[in-house]
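Here's a quick tour for anyone meeting this structure for the first time. Have a look around before reading on.

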Amino acid sequence: QDHPLTPMTDADIRRWLRYQTQSEVGHVPLSVIAQGPQAVQSALEDAAATLLIADAVSDDDLLTLGEALDGTKLITGGSGIALGLPRNFIRSGTAQGGGVATTAVPGPDAILAGSCSGATLEQVECHARDYPTLPIDVFEVMEGRTTAATLTQFYLEHVGRAPLAYSSGLPDQVRDVQARFGREAVANMLDALFADTARLLVSKGYRRIVVAGGETSGAVAQAVADTLGSPAMNIGVEIDPGVPMLTLGEDVRVALALKSGNFGAPDFFSKALRIMEGST
């Protein structure tokens, strides 16, 4: 709703999509989803529109959609849509089901949060009750007074205590900063700050990094991959729905947990670090 780059001022995804295409945008309502995969397939075949938005409010709905969409050429959506798709590949024999082995990654840890979503703000508040946290003053970042070295020093002072640095702010605070410096300039500066911090952390031996925020995750993941010279990531166990543990690197292994703003339970940060370490 209050995303600093793409605020969602209208809850109807069909209207948003309609702004971006000359095609009609159809709808597969929840009442059809509830009737099962065959009903969904019939709705897709009978639809006059080329693009369709499907409802889903539960995992069962996503499993129904996954089966109904077997063989469909293009599917897009939130990460939850992938829940039902693997079964299609298992049925066709092109993939095998099975559990994912937990790969423990020891070493110092750090948490970087650049999301302003309600869920992330709650997670930051929850984490701050028991662990050291550092609020990032975005004005100081834009003026060059807070840098990657500043954040790295904070992490070094709190090794082993699950330290968290965050630029997450309330919507009014975000708008004030954007009004002064420009929306794109603020976003680019924060992404660069988190990316540079990640590079420094890896160079200093940090091996477990949790990141909140879509753009922040992309910046950090790219920085870590470049630092290690290893872009491929192994997907590990699921920490929370839609958020797996990732590992990359060969001689040096680093574990990442990358989450979009609204993903994860209130204790996501500490839970992610425990799982990445191999603890339960």
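## The sheet

In what order do the strands of the open sheet come? Following this predicted model, the 7 strands line up as 4-5-3-6-9-8-7, with mixed pairing. Strand 4 (133–135) and strand 7 (233–240) sit at the edges with a single partner strand each, so one side of each has no neighbour in the sheet. On average, neighbouring strands here are turned by 20° against each other, ignoring direction.

Let's zoom in on one pair. Strand 3 (residues 109–113) and strand 6 (residues 208–212) run parallel and are joined by 5 bridges. One residue to look for is Ala113, whose bridge partner in strand 6 is Ala212.

## Helices on the sheet

Helix 12 (residues 268–277) packs on the sheet, and the strands it touches include strand 7, strand 8 (243–248) and strand 9. The direction of helix 12 makes about 150° with that of strand 6.

Then there's helix 10 (residues 183–203), which lies across strand 3, strand 5 (164–166), strand 6 and strand 9 (254–259). Helix 10 runs at about 180° to strand 3.

## A closer look at Thr197

Helix 10 is also where you'll find Thr197. Is Thr197 buried or exposed? Its relative accessible area is 0%, so Thr197 counts as buried, the cut-off being under 20%.

What does Thr197 touch? Setting aside neighbours within four places in sequence, Thr197 is in contact with Leu112, Ala148, Leu151, Thr152 and Tyr155. The Thr197 side chain also reaches the backbone oxygen of Leu193, at 2.7 Å.

Methods:
Residues are numbered from 1 along each chain as its sequence is written. This is a predicted model: local features need pLDDT of at least 70, side-chain atom pairs count only at pLDDT 80 or more; totals for chains, interfaces and linings use all residues. Side-chain values use heavy atoms; hydrogens and water are left out. Two strands pair if DSSP finds at least two bridges between them. Helices (H or I, at least four residues) and strands (E, at least two) are DSSP runs, numbered from the N terminus. Axes are lines fitted to C-alpha atoms, for helices over the stretch in contact, and angles run from 0 to 180 degrees between N-to-C directions. Contact means heavy atoms within 4.5 Å. Buried means under 20% relative accessible area, exposed over 50%, partly exposed in between (1.4 Å probe, protein chains only). A polar contact is a pair of N or O atoms within 3.5 Å; within protein, one must be able to donate a hydrogen and the other to accept it, and residues adjacent in sequence count only if both atoms are side-chain atoms.
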